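Subject: Structure handover, pockets and cavities

Hello,

Here is the structure you asked for. My notes on its pockets, cavities and cysteines follow below it.

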Amino acid sequence: MLLVDLAQSILDGVLFGATYALIGIGFTLVFGVMHKINMAYAAASVGGAYAALRLITLIGGPAWASLLIAAAVGGLFGLFIYWLCFRFIPLSNPLATLMSTVGMFLLAEEIIVHTTDGMPQNYPVVVGGILHLGEFMIRGDLVFVFACAILAMLILLYLLYRTKLGTATRAVSQQPIAAQLVGIRINQVNALTFVVTGMLGGFAGALIGSAVGLLSPLLVVPLTIKGLIVTVIGGLGSIPGAIIAGLLVGMAENVFQYFRGVTERDIYVMLLLFIFLVFRPGGIFSTTVKRD
Amino acid sequence: MDFYLGLLQIMGVHTLLGLSAYVVLQTGQVSLAQAGFMAIGAYVAAMLTVLAGWPLIAALVVASLVAGITACLVGFPALRVHGLMLVVATIAFTEIVRLFFFNFDYQISRGNLQVGPLGGEGFRQIRYFPENGWTTLHVAVFIWTVVALVMAALWWMDRSRAGAVLRAVGEDEIAAQSCGINLTAVKVSAMTAGGAIAGIAGGLYAHYTTHIEQSNFTILLATFAIAYPILGGLSSVFGTVAAVIFIQGFLVEGLRFLGDWRNLLFGALIVLVMNIRPSGLLDARTMASLRRLFGRKEG
């Protein structure tokens with residue numbers, strides 16, 4: 001029985017971990033291209049989900065449409081963040097953009113609290129139902145979240161490795177000066193990276209909303225922390241790393257919760273991060289990462 | 001009057017917190033662990049005065065030592081990584097400390113009262129100041145005396161060889177290393193000093209609020225800790241004080257008449273300041289012209 005319960009919590013964790021992977025990809029992509037960290041990312045993602053929820057309750061429509069709206073709004077937020085926190089600040093000063101995105105984080109969180117009076121908002125069910133597979137129960141909404149996250153990752157990988165835009169993005173991330181010399185507009189590529197990651201974030205925020213069943217400002221800080229942990233465990237700038245690490249963190253979280261309860265589980269997730277920092281500071285897929 | 005004295009106390013503790021991050025930032029490291037060190041200092045100092053009946057100064061010294069030693073121990077593994085990795089590692093540390101105190105119970109009965117930290121409910125009844133007849137004025141003066149001492153020590157350090165070494169590591173690690181500077185030793189010392197200062201800040205904080213709980217010591221507090229020196233500028237300790245007055249005095253208290261909008265403005269103003277003055281309010285050039293203004297040679 002213990003084994004079944006354990007396998008069940010691993011399964012649930014891996015399925016939900018897909019959303020952490022999406023948030024981690026957002027952090028890692030911006031880091032890969034600009035060697036900067038966007039602290040406001042998770043806040044903007046949850047903000048995109050909120051905006052989509054507001055719109056869908058206002059004009060009505062199927063629940064799945066909220067996912068697409070969230071992606072669109074998230075992209076817009078990404079562009080805002082780029083213009084307000086990166087575009088006009090000298091990039092040679094790593095502290096300045098760190099601080100400006102922290103300011104943006106506080107602003108985004110505060111806007112969310114302000115417009116909803118701090119009350120959690122119920123998120124409509126996109127896909128419900130429970131699948132019974134022998135002794136296991138598979139929650140339909142988690143499977144849906146997982147499938148959507150994988151789809152979003154595939155689209156992203158296609159964009160990055162099969163299109164001209166993706167080639168330009170990777171060129172900037174490898175050698176900004178050489179990229180500039182061959183005629184790539186760095187500012188444009190940076191802005192587009194923020195739009196793409198913003199869309200990914202908004203989509204992830206809506207997925208999390210539909211899996212948890214509600215949106216709350218309290219999601220923002222844990223999501224930021226989990227996203228950053230995923231980024232570091234996966235290796236800075238590594239997209240496959242972020243995907244694996246996201247699933248791993250989701251799984252670890254659920255397993256620790258099963259053994260030690262909900263108040264202690266995050267301690268062990270953080271300790272997992274420290275183990276990685278000490279023994280594998282480059283992340284799962286250690287590459288020669290240029291450091292910030 | 002008590003309101004302004006209370007504000008002075010808050011500013012004093014936040015100045016100490018900012019200075020603890022200032023030392024670490026001098027070496028180019030962004031540490032969000034300061035809230036964790038402050039939590040350790042707060043709980044240790046409060047447990048010593050409440051549970052063991054120690055005098056305040058001795059409790060503060062021990063709290064500062066414990067926080068400093070913790071910082072030293074955390075420093076060794078954490079400083080193997082740089083930049084973003086260190087930010088994430090120190091965030092994780094602050095969260096670990098917070099969650100530890102969330103699960104930490106240690107109560108003894110004193111009279112007919114249970115005192116001591118109690119998990120999520122926090123640590124109530126830290127009544128050292130009222131029990132010993134300290135007024136708000138006494139407390140404010142005491143806190144600012146400590147702040148003045150720490151500031152004087154850091155101001156002196158900035159001008160000594162130690163300050164030059166810290167800045168050298170902060171400006172360019174490879175150049176500093178090739179001058180024969182031991183990077184690990186310098187970074188761990190800065191981290192230890194920062195932890196010790198944050199421990200004092202925590203001890204003072206616990207005693208003037210009389211009630212601490214884990215939710216006081218979140219990532220948000222750690223963010224404030226690095227926000228003060230970054231917003232104020234890293235070229236002088238006075239930048240940190242200026243930023244504390246700007247944030248706690250102007251943004252938090254001065255804009256209270258704006259009600260809820262104040263919080264919205266808060267994040268927006270940080271974004272704005274970083275766009276206009278990316279090196280902080282009192283950056284190196286401003287400090288130099290200020291020095292000229294007061295008729296001193298730059299040096």
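The largest pocket in this predicted model holds about 1,300 Å³ of space. Its lining is made up of 47 residues, and those nearest the centre are A:Leu218, A:Leu219, A:Val221, A:Pro222 and A:Leu223. Both chains take part: two or more lining residues come from each of α1 (2-34), α4 (94-116), α8 (186-212), α9 (220-234), α10 (239-260) and α11 (265-279) of chain A, and likewise from α4 (83-102) and α10 (219-232) of chain B. With seven residues, α9(A) has the largest share. By class, the lining of the largest pocket has 28 nonpolar, 10 polar and nine charged residues.

The second largest pocket has about 1,100 Å³ of space. It is lined by 37 residues, and closest to its centre are A:Pro94, A:Leu95, B:Gly28, B:Gly170 and B:Glu171. In chain A, α4 gives two or more residues to this lining; in chain B, α1 (2-26), α4, α7 (161-171) and α8 (173-178) do so. The lining divides into 17 nonpolar, 13 polar and seven charged residues.

Turning to enclosed space, there are two cavities of 30 Å³ or more. The largest cavity contains about 100 Å³. Its lining consists of A:Leu29, A:Leu156, A:Leu159, A:Leu160, A:Leu165, A:Gly166, A:Thr169, A:Val189, A:Leu192, A:Thr193 and A:Val196. At least two of these residues come from each of α5 (140-162), α6 (164-174) and α8 of chain A, and α8(A) gives the most, four. Eight of the lining residues are nonpolar, three are polar and none is charged.

The second largest cavity has a volume of about 50 Å³. The residues around it are A:Asn38, A:Tyr41, A:Ala44, A:Ser45, A:Gly74, A:Gly78, A:Ile81, A:Phe194, A:Thr197, A:Gly198, A:Gly201 and A:Gly202. Elements with two or more residues in this lining are α2 (41-59), α3 (63-85) and α8 of chain A. Here α8(A) has the largest share, five residues. The lining of the second largest cavity counts four nonpolar and eight polar residues, with no charged ones.

Last, the cysteines. A search over all chains finds zero disulfides. B:Cys72 counts as partly exposed because its relative accessibility is 25%. B:Cys179 is classed as exposed because its relative accessibility is 63%.

Regards

Note on methods: Residues numbered from 1 in each chain as written. Chains lettered and ligands numbered in written order. Predicted model: local features only at pLDDT ≥ 70, side-chain atom pairs only at ≥ 80, totals over all residues. Heavy atoms only, no water. 1 Å grid on protein atoms, 1.4 Å probe; cavity = no way out; pocket = protein on both sides within 12 Å on 5 of 7 lines; lining within 4 Å. Points joined across faces, edges and corners; volume = space filled by probe spheres on them. Nonpolar A, V, L, I, M, F, W, Y, C, P; charged D, E, K, R; others polar. Disulfide = S-S within 2.5 Å. Buried < 20%, exposed > 50% of the residue type's maximum accessible area, 1.4 Å probe, protein only.
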